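Q: Please take a close look at a single part of this protein chain, and describe how that part sits against its surroundings.

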Amino acid sequence: MTSASGPTAAWRPGTQDGDPLPTGPAGRLSRPDGGNGHGPETGPPTVTIGSYPDYPAAQRVVDYLADNRFPVEHTAIVGTNLTLVETVLGRMTTGRAGLLGAGTGAWFGLFIGLLFGIFTVGNWLAVIVVGLVIGAIWGAVFGAVAHAMTGGQRDFTSASSLRAGQYAVTVDAQLADQARQLMGRMQMPGSPANAR
């Protein structure tokens, strides 16, 4: 199949630059690099001024720099070697799921009871208590039913967290010497002399 060339042959209604897809949300996608082929902008170059085994140590360094009037808006704490840790908190049974659901429902019922209690002329305390009790009952029912519907595929509760193996403090390259001078006066294990 051949296509005609020329300024009038390439244009079609609803298109731009001969592209068959119109621009816009459902049309031609824009390049994330702005069309220059160099990738997204990454900001000014940075230098690592220290690496620390835990976050509080890196935080102390940035806090020390801030206390000494260093422009800390040009610093970053970068966690590397990330690990997802899921800590198992306990066994989940239908009864426990119902109990947790009752607690959540009670909070919601308390909120609704307080909301209706504001506009009640009579006994507002009774409205709050009724809202709390109804919320707890419905929460327990929904919690138990939701757990029973999993079919025993996840009979435990857990909490997930991300942990880094190392934390690096980086600064913009033009401020690296100033940051190193300040850190040279800092008395801390893991300061640049001891940092990896």
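A: A residue is called exposed when its relative accessible area is over 50%, buried when that value is under 20%, and partly exposed in between. With these cut-offs in hand, and bearing in mind that the model is predicted, the part chosen here is helix α4, which spans residues 176-184. The protein chain has four helices and five strands, and its elements run β-α-β-β-α-α-β-β-α from the N terminus on.

Within helix α4, the buried residues are A176, A179, L182 and M183. Seen down the axis of α4, these buried residues fall within an arc of 125 degrees, so they line one face of the helix. An α-helix has 3.6 residues a turn, so residues three or four places apart point the same way. On the other side of α4, D177, Q181 and G184 are exposed.

The buried residues of α4 pack against three elements, namely β1 (46-52), α1 (55-67) and β5 (166-172). Two of these neighbours are themselves linked by an aromatic pair, in which Y55 belongs to helix α1 and Y167 to strand β5, 112 residues apart. The rings of Y55 and Y167 meet edge-to-face, with 5.7 Å from centre to centre and 70 degrees between the planes. Of the two partners, Y55 is partly exposed, at a relative accessible area of 39%, whereas Y167 is buried, at 15%.

For the wider setting, 27% of the 196 residues of the protein chain count as buried, and among contacts between residues at least 6 apart in sequence, 77% join residues at least 24 apart.

Definitions and conventions: Residues are numbered from 1 along each chain as its sequence is written. This is a predicted model: local features need pLDDT of at least 70, side-chain atom pairs count only at pLDDT 80 or more; totals for chains, interfaces and linings use all residues. Side-chain values use heavy atoms; hydrogens and water are left out. Helices (H or I, at least four residues) and strands (E, at least two) are DSSP runs, numbered from the N terminus. Buried means under 20% relative accessible area, exposed over 50%, partly exposed in between (1.4 Å probe, protein chains only). Contact means heavy atoms within 4.5 Å. The arc is that of the directions from the helix axis to the C-beta atoms. Rings of Phe, Tyr and Trp (its six-membered ring) pair if their centres lie within 6.5 Å; planes under 30 degrees apart count as stacked, over 60 as edge-to-face and the rest as tilted.
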